[in-house]
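Let's take a walk through this model together, going from empty spaces to individual side chains. Keep the viewer open and follow along.

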Amino acid sequence: MGRTIEQGANGDTVQSVKRALDILRMLSFNASSSGMRFSDLQAQSGLSKGTLHRLLKSLTHEGFVEQAAGSRVYYLGLEFLSLGERAANRLDIRAVTRPSLERLAQATGDTVMLTIRSGLDAVCIDRKEGAFPVKVLTQNVGTRRPLGVGSGSLALLAALEDDEVRNVLRRNSARLAPYPTVTGDVLMQAVQDARQRGYAFNPGHLLKGMYGVGVTVYLARQPIAAISVAAHYGRMDPQRRKEIASQLRHEASRITGELGS
C-alpha cells in the first residue's frame, strides 16, 4: 500500500514537471511582444483551469514566468531567460575571447569589453584597457544595464528579431529613466542604424563625451556575446569608428571559429 502511494506521488511529480516545461515551451515559441493569454495557454496545453492556474502561480513565484499587471497575459520570466547565460558558461567564453580583447586593446589603445545578455540586461563579463592615457572606464566587470544601453549591449539587442526587440524595449521602458538621453524610440532607431552600418554605436549615452563601437559574436547563428571598444569622442571620428568596427568584426569571426571548434 505504501509503495503504491509513493509511486503515485512520484508519477504526479513527473507529470507536473512535464506540464510546467510544456508551458515554458509554449511561451518561448509563441510569446513575444504580446505575450500569451491564459485562455490561449489553456487551449494549447489542454489543461484544466485549476491545474494551469496552479502551475503558472508556481512558475511565476520562481521567476520563470511573469504576468502582466492587471491582466491574464503571461511572458517568460527573467529566471528562464538568464538560463542561457548560465548554460553558456560551459563555453568558457572569457578564456576564448581574452586573446581577442588583448589584441584589440593593443591595436586601438582604448578600453575593450566583453558583454553577454542576461534576460533583459547586458552584463560586462571582461574588460581590457589599452595604453592610451585617457581611459574610458564606464563599465566594470559585473556591471549590469538594460539591454541596448551601451555599444556592446546595443549590438546584442540589434541581433534579436524585431518582435523580441520590441518586447525588450517595452519591458525595459521604466528602467531607462537613469539614462536621460535614452528612450525606447531612441534605442529602436539605434537598432536600425546598427543593422544598416554593421556595428552598434553609442554616442555618449553612458558618459558624455565617451563613445563606443560594438559588434555581436555569433555561434550557430545565435548571438552569444558582444565585443566593444570605448574611447573619448575625439578618438571616435567616423573614419576611425569604421576602422575599429572592422577590427571588432575580424576578432568576432575568430572567436566564433574558436568556440565552434
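Which element gives the most to the lining of the second largest cavity? Strand 7 does, with 3 residues. Before going further, keep in mind that what you have on screen is a predicted model.

Start with the space itself. Rolling a probe the size of a water molecule over the atoms shows where empty space is left. The count here comes to 3 cavities of 30 Å³ or more, and the second largest cavity holds about 40 Å³ of space. To find it, select Gly 148, Gly 150, Leu 154, Leu 187, Ala 190, Phe 201, Asn 202, Pro 203 and His 205, which line it. Helix 8 and strand 7 (200-203) are the elements that give two or more residues to that lining. In terms of class, the lining of this cavity splits into 5 nonpolar and 4 polar residues, with no charged ones.

Now zoom out for a moment to get the overall picture. The protein has 261 residues, and 43% of them count as buried. DSSP-style bookkeeping gives 9 helices and 9 strands. If you take the contacts with a separation of 6 or more, 57% of them are between residues 24 or more positions apart. The accessible surface comes to about 13,700 Å², and carbon and sulfur atoms own 51% of that.

Next stop: the second largest pocket. About 150 Å³ of space lies in it. Its lining is made up of 13 residues, and the ones nearest the centre are Ala 155, Ala 194, Gly 198, Tyr 199 and Thr 216. Three elements give two or more residues to this lining: helix 6 (151-158), helix 8 (184-197) and strand 8 (210-219). Which of them supplies the largest share? That would be strand 8, with 4 residues. By class, the pocket lining has 8 nonpolar, 3 polar and 2 charged residues, so unlike the list for the second largest cavity, which has no charged residues, this one does include some charge.

Thr 216 is a good residue to stay with. It sits in strand 8 and is one of the residues nearest the centre of the second largest pocket. Is Thr 216 buried or exposed? Its relative accessible area is 13%, so it counts as buried. What does its side chain find for a polar partner? A polar atom of the Thr 216 side chain lies 2.9 Å from the backbone oxygen of Ala 155, and Ala 155 is itself among the residues nearest the pocket centre. If you leave aside neighbours within four places in sequence, Thr 216 is in contact with Ala 155, Leu 156, Ala 159, Pro 223, Ala 225, Ala 226 and Ala 252.

Follow the chain on from strand 8 and you come to the loop between strand 8 and strand 9 (222-232), where Ala 220 has its place. Arg 221 lies in that loop too. Check the backbone torsions here. Phi of Ala 220 is near 55°, a positive value in a residue other than glycine. Arg 221 also has a positive phi, of about 65°, although it is not a glycine. As for accessibility, Ala 220 has a relative accessible area of 68% and so counts as exposed. Arg 221 is exposed as well, with 79%.

Two more side chains are worth a click. The first is Thr 51, found in helix 3 (residues 49-61). At 15% relative accessibility, Thr 51 falls under the 20% cut-off and therefore counts as buried. Its side chain is joined to that of Ser 48 by a polar contact of 3.0 Å.

The other is Arg 37, in strand 1 (residues 36-37). With a relative accessible area of 49%, Arg 37 is partly exposed; the line for exposed is drawn at over 50%. Which residues does Arg 37 touch, not counting those up to four places away in sequence? The answer is Arg 72 and Val 73. Val 73 is 36 residues away along the chain, yet the C-alpha atoms of Arg 37 and Val 73 are separated by 4.3 Å. Finally, the Arg 37 side chain makes a polar contact of 3.1 Å with the side chain of Asp 40.

How values were computed. Residues numbered from 1 in each chain as written. Predicted model: local features only at pLDDT ≥ 70, side-chain atom pairs only at ≥ 80, totals over all residues. Heavy atoms only, no water. 1 Å grid on protein atoms, 1.4 Å probe; cavity = no way out; pocket = protein on both sides within 12 Å on 5 of 7 lines; lining within 4 Å. Points joined across faces, edges and corners; volume = space filled by probe spheres on them. Buried < 20%, exposed > 50% of the residue type's maximum accessible area, 1.4 Å probe, protein only. Contact = heavy atoms within 4.5 Å. Areas by Shrake-Rupley, 256 points an atom, 1.4 Å probe, with all protein chains shown as cover. Polar contact = N/O pair within 3.5 Å; in protein donor to acceptor, adjacent residues only side chain to side chain.
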